[in-house]
There are 2 protein chains.
Amino acid sequence: MGALRKYLPFLEWATSYSRKDATSDFLAAVIVTVMLVPQSLAYAMLAGLPPEVGLYASILPLIAYALFGTSRTLAVGPVAVVSLMTAAAASQVASPGSALYLQAAIVLALLSGLMLLAMSVLKLGFIANFLSHPVISGFISASGILIAASQIKHILGVSAGGGTLPEMIGELLPVLGSTNWLTLAIGLTSLAFLFWVRKRLKPLLVRWGMAPRAADMVARAGPVAAIAATILLVVLFDLDARGVKIVGAIPSGLPPFAVPLFDAALWWKLLPGAALISLVGFVESVSVAQTLAAKRRQRILPDRELAGLGAANIASALSGGYSVTGGFARSVVNFDAGAETPMAGVFTAIGILGATLLLTPLFQFLPQAVLSATIIVAVLSLVDLAAIRRTFAYSKADFAAMALTMAMVLLVGVEVGILSGVGLSLLLFLYRTSKPHVAIVGQVAGTEHFRNVKRHDVVTSPDILSIRVDESLYFANARFLEDTIYDAVATRPQIRQVVLMCPAVNMIDASALESLEAIAQRLESAGVAFHLSEVKGPVMDALKRSDFFTHFKGQVFLTHHQAMSTLSATASGTASHKTPPESVHDMAGAGA
Amino acid sequence: MGALRKYLPFLEWATSYSRKDATSDFLAAVIVTVMLVPQSLAYAMLAGLPPEVGLYASILPLIAYALFGTSRTLAVGPVAVVSLMTAAAASQVASPGSALYLQAAIVLALLSGLMLLAMSVLKLGFIANFLSHPVISGFISASGILIAASQIKHILGVSAGGGTLPEMIGELLPVLGSTNWLTLAIGLTSLAFLFWVRKRLKPLLVRWGMAPRAADMVARAGPVAAIAATILLVVLFDLDARGVKIVGAIPSGLPPFAVPLFDAALWWKLLPGAALISLVGFVESVSVAQTLAAKRRQRILPDRELAGLGAANIASALSGGYSVTGGFARSVVNFDAGAETPMAGVFTAIGILGATLLLTPLFQFLPQAVLSATIIVAVLSLVDLAAIRRTFAYSKADFAAMALTMAMVLLVGVEVGILSGVGLSLLLFLYRTSKPHVAIVGQVAGTEHFRNVKRHDVVTSPDILSIRVDESLYFANARFLEDTIYDAVATRPQIRQVVLMCPAVNMIDASALESLEAIAQRLESAGVAFHLSEVKGPVMDALKRSDFFTHFKGQVFLTHHQAMSTLSATASGTASHKTPPESVHDMAGAGA
């Protein structure tokens, strides 16, 4: 039963599902459905796909996630950033609008679903950690700008393409003259209305006496009002005949269940794109799920989340949809509207299915400019200037990774953007740890404490050098450690003993082990004894697995104070006796 | 003067150069010259180049290194591994023996020289740290096997090619029937003699009363004896007419000074190979130089070494030579023979120049099989089985990187081998630090010490959770930290306060900062207070640069004991007052 619950997390809540839960979930589902229908159409358009594909991606995936996901309140479906990534990857193999393009989008969903499942089985969720916050944040901000820019053509009612910001600007400028003024009027009015709804409506409603939560829900329904009003305008005044582009006929009916096209060459080409979609989708989804779970002191299991998202994407691909993930805005709405269990997702799926069966004839008259306006309003909130400023103030290295990601996303493409950001953050991390903080320490007079000679007024011994290194020792800083110690000894000819203080050394890898051996041996050949102090338990265990102690002629001290008193007592340079590994172990065990 | 000395390190020793130094250097140079002449011919053959190219690479580069290098005793010139890498890179653009192949080898030297210089100017020497010990060691062992295998054809006197081990075996097997028995006899006899010289001659000479150091020098001259004897045999019995392949005519005279071919497409294709040659050469050279410098308590400056090696390689390219680096065996010989300053390198260069001018007519009768035998004997000592065993015992992760490097070098190629090893060691390092050691700690009764509850018998508080994390906090483990703390809190509903103990946290990057903020905020929304203890000075400085403390509602404690006594006193859940950043700073400063 425990194992079953692990793989089918819904058993946890389904067995005690109450009438009260059902009422809460149903109400939340109604609100999320109202929000999700226009979003699904808009994000499908953003991904370069027919509008119904967005609806299909909002039905079965929600049910699959409800069965396999561990978050109680996450709402999955199409989201802006993943739609942009889908467009970028699919347009590398086909032109938007073609049948192959649609197949490519479906295959991307299938591949990323399979990858997420594989990561779940192989416990590879840690790979997502490679996407550091600055890279993700820079990526999302730049994507927001890119998405907003890509929608300008719909607001103007012109035709233009381009995958990067310079390309978009280059294609827009020559066609500005053919702007459709009616479309522009509708687009700008919608934009103004949606911004007003987002910023002002809630405070207004609250001032009028509405409860804050209800006011929030009403404000979230703003896009629905804009959509209903503009559909009405188009129908009444026959605007589509006057050049206002509308969504056009949307096939109604059940999602088309089908196995995606199998074409090894196509799959292979889409693999990198699918991998990035998986990782970005997973990172976004997990952080949303974690934020919400923490509020109610619930748990999510990242490895199970991989399975839940994987199942949702596979379900999407099998029912004619494209890549989905947990969306921030809709999950918060779901949570705030009182959803108690993933059953809310099932109810939402039923709601979207209802809309797909019954409402599609209405949406055909919806102006594309209005959908674009909803996209622009939604994505501009993704541009997080505060995060950029904060990162700049906190760490130039992190800011460099963020800036490179943003520049690359805007100028070259989303995939290159992410990959170069990840590459740079790895490089910078290695660079930082390759030159760790090292202090020569001395004793604070009258205490057993040893502190940096540069920061504190301390007592040092003329012939004993105490060095503390504040980093794990591994290949990237092994040579730095050697250089540092040789330099320190070469510039202080009177030194006869060196004690390396290791309270911050959490790991010593094989490269650093070789370096320690080399240091010990080279110091010995120069007539200097080499000792260690305050080595941690796990590090000591590892050293004992090696033959380090068969060559090591120095001692290992539990505390640095012990080291200094022992070594001062035996006096300069004379026979430092070797501590046998057994007793060394006992000391380290106590010090762990 | 100080600045000048920095860039022209020879000023350091040249200004006080004495007659005694000159005598020592001259004697060392004679011995190194005798060793280097046959090595130069052999390694040029290994690189697929005409023999004189090896001699050219042993003249001007030595003088350039003497001017710009910081090691007193490093002996630069052609070495086995770099010759193999040159062959691998050059044969990607031309076939061995062609004029273009020779140009490619010269361009490789020039490019790697320029790269080393650039790394010196930009202080990018740390890039070499990416080559971890297991990767370098695995690479060198596998190269040794590959080089030995590549020489078997010369010992057999057959024609065969192949760049990988399976290819070599595949090409050798069909032509075994055409073995030249005379060549095989010469080759095997030379092999046996050289192995005997290497293993047995020195102890024998010592037993006969020779001083150990002199015996060592005589044993090092073994190849010269083999070469002289076989040249004599060939001349006396006209063996080349009987199918024994000889080195053939070597042009005598000064090295051909010329600017290498400039061809942007060719340079671009050779760039990755040149980059790897630079890094491998630098790592090898620095570790040899460091070993020798430490013995006499001298210093080498890695950034200056880059310049020295860069100058040596550019000098090689401009004088018709190929890539050079500091060799282990010859540097040890130079050191043991008593070299005092880089002047020994200048004398050696003059010696090699003399050999190039006068002795080349003799070497034309040297059987290739004998050169191959010297190569095989030299490179088999590169195969370090003990290192493989040691790495396996010490760390499975390091062993995995080593094994992958070896397998890839033998089966695919040297460049793929290094790159996949580096990639895997980075991945494994990130994986290791992404799941750091985390301990829930309690107080050792009657002391102020806090230890792991799993390892020690400690006292814990029912509503305060103390967690210690033994790693710097950065993007790869930021999510792990979040998961760990949420899990710990979610499974202990009675917890009202969490204290994160940070004595081993050497850095908090922007990702981890976001995670800490998320943890604080999420715990707060679940009614749990979040505090920090034992934060290091530099980490605290960084936190204060961010806006962390404008949101953080918890406290920062100098010691964990302070944290526990303060929090226990204020009791569960009631108003934990905020410490203003100023006082926080003072506390952290004292704790650094």
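This is a short walk through a predicted model, one selection at a time.

**Chain A as a whole**

Start by showing chain A alone. You should be able to find 27 helices and 9 strands in it. Along the principal axes, its C-alpha atoms fill a box of roughly 100 × 60 × 60 Å. If you colour by burial, 54% of the 592 residues in chain A come up as buried. Long-range contacts matter for the next stops: of the contacts in chain A with a separation of 6 or more, 81% join residues 24 or more positions apart.

**A:Thr73**

Now select A:Thr73, in the loop between helix H5 (60-68) and strand S1 (76-77) of chain A. Is A:Thr73 buried or exposed? A:Thr73 has 28 C-beta neighbours inside 10 Å, so this loop residue counts as buried. To see what surrounds A:Thr73, ignore the neighbours within four places in sequence and add A:Leu292, A:Ser331, A:Asn334, A:Phe335 and A:Ala339, which are its contacts. Then pick A:Val332 as well: that residue is 259 residues away along the chain from A:Thr73, yet their C-alpha atoms are separated by 8.2 Å.

**H10 and H12 in chain A**

Next, select residues 181-207 (H10) and residues 222-237 (H12) of chain A. Their axes are 9 Å apart and the helices pack at an angle of about 155°. Because of that angle, H10(A) is roughly antiparallel to H12(A). Look at the handedness too: H10(A) passes H12(A) in a right-handed crossing. For the contact itself, show side chains for A:Ile186, A:Ser190, A:Phe193, A:Leu194, A:Val197, A:Arg198 and A:Leu201 on H10(A), then A:Gly222, A:Pro223, A:Ala226 and A:Thr230 on H12(A). Sorted by type, the residues of this contact are 7 nonpolar, 3 polar and 1 charged.

**H10 and H18 in chain B**

Switch to chain B and select H10 (residues 181-207) with H18 (residues 368-380). Here the axes come within 8 Å and cross at roughly 35°, and the crossing is right-handed. From H10(B), the residues to show are B:Thr183, B:Ile186, B:Gly187, B:Ser190, B:Leu191, B:Leu194, B:Phe195 and B:Arg198. They meet B:Ala369, B:Val370, B:Ser372, B:Ala373, B:Thr374, B:Ile376 and B:Val377 of H18(B). The breakdown for this contact is 9 nonpolar, 5 polar and 1 charged.

**H11 in chain B**

Stay in chain B and pick H11 (residues 212-220). Its buried residues are B:Met217, B:Ala219 and B:Arg220. They cover an arc of only 165° around the axis, so they sit on the same side of H11(B). Turn on helix H3 (19-46), H10, helix H12 (222-237) and helix H15 (328-336) of chain B, which are included in what covers those buried residues.

**Where the chains meet**

Finally, bring both chains back. Across the interface, 59 residues of chain B are in contact with 58 residues of chain A. Helices of chain B that each supply at least two residues to this side include H8 (133-156), H13 (264-295) and H24 (537-545). Which helix gives the largest share of the side of chain B that touches chain A? That is H22(B), with 9 residues. The chain B side divides into 24 nonpolar, 17 polar and 18 charged residues.

Last stop: zoom in on H24(B) and select its buried residues, B:Val539, B:Met540 and B:Leu543. Look down the axis of H24(B): these buried residues fall within an arc of 100°, so they line one face of the helix.

Technical notes:
Residues numbered from 1 in each chain as written. Chains lettered and ligands numbered in written order. Predicted model: local features only at pLDDT ≥ 70, side-chain atom pairs only at ≥ 80, totals over all residues. Axes fitted to C-alpha atoms, helices over the stretch in contact; angles between N-to-C directions. Helix = DSSP H or I, 4+ residues; strand = E, 2+ residues; numbered from the N terminus. Parallel < 35°, antiparallel > 145°, perpendicular 65-115°, else oblique. Left-handed = near helix turned anticlockwise from the far one by under 90°. Contact = placed C-beta atoms within 7 Å. Nonpolar A, V, L, I, M, F, W, Y, C, P; charged D, E, K, R; others polar. Buried ≥ 20, exposed ≤ 12 C-beta atoms within 10 Å, placed from the backbone. Arc of directions from axis to C-beta.
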